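Student: I have a model open and want to work through it. Can we take it piece by piece?

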Amino acid sequence: MGDRVHATQVPADRRGFLGTFGLATLATLSPASAGAARVDGADYLLEAGLVYLNTGSVGPASRAVLDRTIEAWRELETNPVGMVYGNGASHRATDVVRERAAALLGCTADELLVTRSTTEAMNSVATGIRWTSGDRVLMTDQEHDGGSLGWRHVARRHGVAIDRIAIATTDHDPARLVDRLAAALTPQTRVISVSHVITTTGLRMPIREISALARSRGVLCVVDGAQAVGHVAIDVRALGCDAYAACGHKWLLGPKGTGLLYIRKEAEDRIQPVQREDGRRFVAHSTGIGSLPLIAGLGAAIEAAQAVGVANIEGRIMALRARAYAGMQAIPALTMASPPPGPLGTGLVAARVPDAHPADALRDRLRDRHRVIVKMVEKQWFNGIRLSPHVFNTEADVDAAVAALRTELA
């Protein structure tokens, strides 16, 4: 698969790993230690005893990220006008964050906009394209509402049609997925919009090949990267897409209310969001004053991820994911919906649940009886449960979730 990244394994010593990730230190990861004890999660504010396996929805920010966010807010309020406008410190800091985010995504800072979320970024792309009635957008039937509502908006307002290809939970052949997208293209198709990582199953999409297909037909390729950035290494130039949207509150473990939008320079004449109307900086007449402290916190979260190395983070997540997959696969009542361990898998691992156990009720029992936090797969897709571990989780967390599922589904 064209955009596969080979990850390295990170140490089993969770304390050393979390110290680095929480910005307590930015030193090199320490060697693995046999029989490392469970850490109490002091670098995070999670409730004691809570098994949190839902980073794919909202990840917890570390204490260091939270402290930097609050510190930035306090600094801002010492001289609000001086900090925000002209060449104020808060203003300059946002430019530093964009530089850091650009390095994370593999682009230049002038190709990036800071947003409040992936959804806002996707909406900015959709409304920033000049549409003609009869234009078409091609998507999959697995796109999150946050990545599809903008297209529905322009469909309603401008007479744009939306086409979708179906992706079954057994579709694990990247070449076939690309072929089906190619077959669904029409002369009126203006955009292919897909997720880098499918929210329902964690399937890693062949973005490089999809981007090449789009370019060969003169079509824009727009990628919803909400489930990728922070746990999958990203190089938007290598991927070849025209726009890439991401958020800070999931796998980056950053502040809630932060996001990023990359627009390839060669596509700027076709994608013109209103945020660019008054230049490229964060504080502008076209955007107003955004949440500068949150942007500072986002920078701290990105710095932490870069210090550890996204490949190392991915390796740790994928090791926990493999353990979760094996444990869930061994439960007779569950049918795995995510790809098996391999190049198509990511930190999201999902399984179908028998209809006799509605997913929302099962999710609630896991929370209330076992203090295990997971996500139910939205019902328009299938009756299922999804786990998404991160570096603050341990093997014991995964085992506790599997044991709770086994108990509730017995």
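Student: Which residue of β8 is the bridge partner of threonine 115?

Tutor: This is a predicted model, where local features need pLDDT of at least 70, side-chain atom pairs count only at pLDDT 80 or more, and totals for chains, interfaces and linings use all residues. Residues are numbered from 1 along each chain as its sequence is written, and side-chain values use heavy atoms, with hydrogens and water left out. Strand β2 (residues 112–115) pairs with β8 in the antiparallel sense over four bridges; two strands pair if DSSP finds at least two bridges between them. Threonine 115 has as its bridge partner in β8 glycine 259.

Student: How are helices and strands assigned, and which residue stands opposite glycine 259 of β8?

Tutor: Both are DSSP runs numbered from the N terminus: helices are H or I with at least four residues, strands are E with at least two. β7 and β8 pair in the antiparallel sense, over five bridges. Opposite glycine 259 stands cysteine 247.

Student: How many of the residues of β8 are buried?

Tutor: Buried means under 20% relative accessible area, exposed over 50%, and partly exposed in between (1.4 Å probe, protein chains only). Gly259, Leu261 and Ile263 point one way from β8, Leu260 and Tyr262 the other way, and all are buried. The strand is largely enclosed by the rest of the structure, because the buried count is five of the five.

Student: What is the relative accessibility of leucine 253?

Tutor: Leucine 253 sits in the loop between β7 (243–247) and β8 (259–263). Its phi is near 55°, positive in a residue other than glycine. Most residues other than glycine have a negative phi. Leucine 253 counts as buried, because its relative accessibility is 2%.

Student: Arginine 371 has a positive phi too. Is arginine 371 buried or partly exposed?

Tutor: Arginine 371 lies in the loop between α12 and β11 (372–373). Its phi is about 60°, although it is not a glycine. With a relative accessible area of 31%, arginine 371 is partly exposed.

Student: Where is histidine 231, and which residues does histidine 231 touch?

Tutor: Histidine 231 is in the loop between β6 (220–224) and α9 (236–239). Histidine 231 is buried, at 0% relative accessible area. Its C-alpha atom is 7.4 Å from that of leucine 252, 21 residues apart along the chain. Contact means heavy atoms within 4.5 Å; not counting residues up to four places away in sequence, histidine 231 touches Trp251, Val310, Glu314, Ile317, Thr346 and Gly347.

Student: Which residues does isoleucine 234 contact?

Tutor: The largest nonpolar core has 60 residues, and isoleucine 234 is one of those with the most contacts inside it. Such a core is a set of buried Ala, Val, Leu, Ile, Met, Phe, Trp, Tyr and Cys residues joined through side-chain atoms within 4.5 Å. Leaving aside neighbours within four places in sequence, isoleucine 234 contacts Leu104, Leu105, Gly106, His196, Ala228, Val229, Leu239 and Tyr244.

Student: How many residues does the other core have?

Tutor: This core lies apart from the largest one. Its members include Tyr325, Met328, Leu334 and Leu362. The number of residues is 26.

Student: Why do β9 and β12 each have one side without a neighbour in the sheet?

Tutor: The open sheet has four antiparallel strands, in the order β9-β10-β13-β12. β9 (335–336) and β12 (375–377) stand at the edges, so each has a single partner strand.

Student: Which helix lies across β9, β10 and β13?

Tutor: Helix α12 (residues 359–370) lies across β12 and β13, at about 45° to β13. Angles run from 0 to 180 degrees between N-to-C directions, and axes are lines fitted to C-alpha atoms, for helices over the stretch in contact. The helix across β9, β10 and β13, running at about 10° to β10, is α11 (residues 310–329).

Student: At what angle do α2 and α10 pack?

Tutor: In α2, residues including Trp73 and Leu76 meet residues of α10, among them Leu292 and Pro293. The axes of α2 (residues 63–78) and α10 (residues 292–308) are 8 Å apart. Their packing angle is about 145°.
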